[in-house]
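Hi everyone, thanks for making the time. I'd like to walk you through one model today, starting with how the copies meet and then moving on to some backbone details.

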Number of protein chains: 2
Amino acid sequence: MPQIDFWYSIGSTYTYLTVMRLPALADKTGITVNWRPFSVRAIMIEQNNIPFSGKPARTAHMWRDIERRAPRYGLSPKIPASYPLEEFDLANKVAILGQQEGWVQDYTIATYERWFEQGAPAGSEPNLSASLRAIGQDPDRVLAAVESTDCESAYLKATEDARQLGIFGAPSFTVGTELFWGDDRLEDAIDWAKSQKTTTS
Amino acid sequence: MPQIDFWYSIGSTYTYLTVMRLPALADKTGITVNWRPFSVRAIMIEQNNIPFSGKPARTAHMWRDIERRAPRYGLSPKIPASYPLEEFDLANKVAILGQQEGWVQDYTIATYERWFEQGAPAGSEPNLSASLRAIGQDPDRVLAAVESTDCESAYLKATEDARQLGIFGAPSFTVGTELFWGDDRLEDAIDWAKSQKTTTS
């Protein structure tokens with residue numbers, strides 16, 4: 001089955017659009033998606049890639065663009081959402097644990113929904129515990145596991161994997177070494193995956 | 001008739017895709033397009049918006065992305081094109097004169113074609129004279145007119161108009177005060193223009 005890797009950080013604004021529409025799109029197109037949380041913030045700082053801070057015109061367009069595009073995906077975000085996230089790394093380390101334990105997709109959707117549609121920033125309370133409870137995970141257990149397990153090293157490893165693929169922003173999509181950046185390239189990535197003659201799963 | 005303003009600088013890479021596909025798309029959709037050259041470079045410098053210089057990962061993706069998208073528009077660019085342009089301002093001041101005299105669209109297409117498809121940078125020779133001759137303009141007359149007329153002030157005025165609209169990159173499209181950034185938002189801008197109940201022409 002064709003597959004794509006979906007590289008993202010909870011904290012990226014355009015990733016909201018991708019997260020909320022990807023499961024249905026994957027079903028419709030028959031694509032397997034590997035959800036790959038990483039720290040886009042670490043990479044963007046390294047690369048001096050600062051899209052919004054201190055750039056009011058670009059920031060205003062970003063929010064307006066998301067607001068205009070959301071309805072076509074059946075979404076009704078409250079724009080602008082709280083940005084940037086205070087607990088960026090915690091939000092993403094929980095996702096890393098979710099990837100290890102099999103609930104990364106459900107958690108990511110739950111926390112983005114609360115962030116963009118209910119006004120509660122991801123990674124902070126009440127979003128964090130509410131999102132975990134909503135997907136059947138115990139917040140106390142998860143937060144302890146995030147601190148006590150190898151989440152930190154797995155997070156660094158995921159970020160290094162992204163760096164090696166040439167990823168510089170989020171959301172990004174890879175099919176082998178072919179890189180696509182931006183929610184608006186999701187369909188391109190899916191088309192690319194489906195056009196590959198040989199895929200292994 | 002619905003209309004959009006197309007804001008661009010000769011020197012922007014993604015603008016190649018827009019320039020080459022816009023006339024046919026405008027015909028097909030019944031949209032009037034006002035071609036508005038300005039200095040995106042001046043605005044980006046002011047805003048510390050540096051997308052590619054010193055950013056190899058992002059630059060590599062930009063070229064690959066253009067290369068992947070070009071065939072769907074029937075285009076065959078030689079990637080990467082020479083970048084950045086040495087004669088950015090001259091290329092765009094000629095466009096300003098073309099706007100005043102009615103040949104801006106033809107000149108912009110001619111010079112992008114030579115830049116992206118024949119390897120000759122826009123604004124420099126042999127591209128500049130060849131592009132002008134190809135559209136029936138005398139290079140000597142044009143270059144003298146660019147120096148002797150109010151092209152410089154018109155160029156500054158166009159850039160200020162763009163700034164006032166919140167434009168921060170190119171290509172951009174405006175419908176009234178509604179701003180769309182990027183070649184991949186051209187269809188959104190056209191849809192927006194067609195959805196407006198009242199248009200004046």
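So, this is a predicted model. Let's begin at the interface. Of the interface residues of chain B, 100% are also interface residues in chain A, so the two copies meet through the same surface.

How are the chains related in space? A turn of 180 degrees, with a shift of 0.0 Å along the axis, lays chain B on chain A with an RMSD of 0.0 Å. The two copies are therefore related as by a two-fold rotation axis. If you want a landmark for that axis, look at B:D184: its C-alpha sits at 3.9 Å, the closest approach of any residue of chain B.

Now the backbone, and for those of you who check omega angles, here are two cis peptide bonds in chain A. One joins A:I79 and A:P80, with omega at about -5 degrees. A:P80 belongs to the loop between α3 (56-69) and α4 (88-101). The other runs from A:E125 to A:P126, and its omega is near 10 degrees. You'll find A:P126 in the loop between α5 (104-118) and α6 (127-134).

Next, phi. Which residue of chain A has a positive phi although it is not a glycine? That's A:N48, at about 55 degrees, in the loop between α2 (40-46) and α3. Is A:N48 buried or exposed? Exposed, because 10 other C-beta atoms lie within 10 Å, and the cut-off for exposed is 12 or fewer.

Over in chain B, B:N48 also has a positive phi of about 55 degrees. B:N48 sits in the loop between α2 (40-46) and α3 (56-69), and is exposed, with 10 other C-beta atoms within 10 Å.

Definitions and conventions. Residues are numbered from 1 along each chain as its sequence is written. Chains are lettered from A and ligands numbered from 1 in the order in which they are written. This is a predicted model: local features need pLDDT of at least 70, side-chain atom pairs count only at pLDDT 80 or more; totals for chains, interfaces and linings use all residues. Copies are superposed by least squares on the C-alpha atoms of residues with pLDDT of at least 70 in both. Two residues are in contact if their C-beta atoms, placed from the backbone, lie within 7 Å. Helices (H or I, at least four residues) and strands (E, at least two) are DSSP runs, numbered from the N terminus. A residue is buried if 20 or more other C-beta atoms lie within 10 Å of its own, exposed if 12 or fewer, and partly exposed in between; C-beta atoms are placed from the backbone.
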